[in-house]
Amino acid sequence: MADDRRSLAELARVFGRIGLLSFGGPAAQIALMHRELVETRDWLSERQFLGALSFTMLLPGPEAMQLATYAGWRLDGTRGGLLAGGLFVLPGALVVLLLAALYAIFGQLPLVAALFLGIKATVIVVVIEALLRVGRKALKGAVAYGLAALAFLSLFAFALPFPLIIAGAALAGALWMQAEADAAVAAAPRVRTARTLTTVAAWGALWLVPLLLLWLVAPEGLLTQVGLFFAKLAVVTFGGAYAVLAYMVQQVVGDYGWLTTGQMMDALGLAETTPGPLILVTEFVGFLAGAGQGGLWLGLAAALVTLWVTFVPCFLWIFAFAPYVEWITGQPRLNGALSGITAAVVGVILNLSLWFALHVFFGSVTQVALGPAQLWLPDPATVDLGAILLAGLAGWLLLHRKWGLLSVLGTMALAGAGWSLAIWPLFG
């Protein structure tokens with residue numbers, strides 16, 4: 001028992017450290033886990049780590065958080081998985097909750113708006129950097145480039161549903177992007193089907209029963225709407241937060257009217273400054289949706305509902321299907337489906353990059369019909385010179401000077417305030 005306690009304490013210390021230092025998005029988080037779990041402690045072999053990473057990228061939800069959960073599960077079963085996954089999310093969730101409350105109270109002040117000008121400019125560069133990073137790994141061959149282009153056009157010009165794009169990319173990848181099977185890992189594991197079904201039923205109930213209770217009490221209430229929307233989002237977030245953001249913006253801003261486009265930009269900027277998965281942006285959105293309709297207490301309730309329906313299914317996927325990881329990653333068609341999804345994500349991120357840039361660099365952007373297509377076109381008269389200059393500075397610091405993301409965000413927040421409150425008025 002003493003050994004178990006020491007083992008649990010060591011798990012808490014290591015995964016707590018990972019959770020507190022997990023800035024910079026999934027690439028940086030995965031690299032941190034590889035260093036801590038494979039290189040430093042030898043808790044996972046290289047093959048186990050890469051197999052688990054490939055598996056989590058096939059799942060909806062934040063792959064880095066699910067990778068941490070898988071590592072904890074492999075080391076100490078369900079208890080270890082809960083500890084590892086929880087510690088990966090909780091530090092960032094607490095920080096986002098505090099920032100969301102401060103934003104709801106002070107977000108309309110001129111100084112806050114000025115600070116966020118620099119953050120928004122930095123977000124554009126961060127998303128473009130993600131586009132280049134993912135593109136280098138994913139776009140290998142004509143099929144991959146074709147899927148990326150089709151995904152971009154489907155979103156930017158035709159606003160097709162994101163789940164449909166992901167499903168089509170997975171099918172195309174399974175048909176035309178198959179990899180050779182690894183005989184060493186392709187053998188089916190000895191896992192009892194009954195145990196898998198029991199795990200799915202238990203975690204599925206834990207995830208959905210609270211939603212059912214909300215629906216029974218207030219079927220048209222905001223908490224029910226928030227819960228249902230983010231529960232649906234939790235099962236279509238293939239490719240991480242960047243990939244699903246355009247779909248979320250379309251629903252949250254255009255259909256529900258919970259936030260404005262500017263608030264969505266601020267939400268992503270804040271999420272970039274915190275540890276943990278970037279999908280914590282949903283918590284910020286949920287809080288502002290609640291605070292906007294019923295004050296801070298409703299905002300807190302909406303944030304908690306959002307966290308629950310976003311992250312409980314992550315544990316469901318891992319605890320139910322982790323025993324099958326070595327078999328799944330050895331199947332050619334499933335690897336091909338993963339490759340197809342990853343290629344499509346490049347097009348999705350390109351759409352997001354362009355959408356962000358248009359709304360930050362121009363004060364007025366409208367949709368114009370061009371046959372069956374609907375294109376976003378800016379008004380050249382509303383160009384924001386300051387935003388363009390700040391984005392250039394952020395790009396130089398991030399991509400050329402190789403500054404850390406937190407340093408760039410802090411510097412750009414001050415630069416945005418300086419431009420908005422001191423320099424730009426001189427031109428007026």
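These legends accompany three views of a predicted model.

**View 1. The whole chain, built from helices and strands.** Start by getting your bearings: the chain holds 17 helices and two strands. Of its 428 residues, 51% are buried. Now think about which parts of the chain touch one another. Among contacts between residues at least 6 apart in sequence, 73% join residues at least 24 apart. The accessible surface of the chain comes to about 19200 Å², and carbon and sulfur atoms account for 68% of that surface.

**View 2. A close look at D42, in the loop between helix 2 and helix 3.** To find this residue, follow helix 2 (25–40) into the loop that comes before helix 3 (46–58). Most residues other than glycine have a negative phi. D42 is not a glycine, yet its phi is positive, at about 60°. Is D42 buried or exposed? Its relative accessible area is 59%, so D42 counts as exposed, the cut-off being over 50%.

**View 3. A close look at K402, in the loop between helix 16 and helix 17.** Here you can travel along helix 16 (385–400) and stop in the loop ahead of helix 17 (405–427). What is the phi of K402? The angle is positive, about 60°, although K402 is not a glycine. With a relative accessible area of 63%, K402 is exposed.

Definitions and conventions. Residues are numbered from 1 along each chain as its sequence is written. This is a predicted model: local features need pLDDT of at least 70, side-chain atom pairs count only at pLDDT 80 or more; totals for chains, interfaces and linings use all residues. Side-chain values use heavy atoms; hydrogens and water are left out. Helices (H or I, at least four residues) and strands (E, at least two) are DSSP runs, numbered from the N terminus. Buried means under 20% relative accessible area, exposed over 50%, partly exposed in between (1.4 Å probe, protein chains only). Contact means heavy atoms within 4.5 Å. Accessible areas come from the Shrake-Rupley method with a 1.4 Å probe; for residues, only the protein chains shown count as cover.
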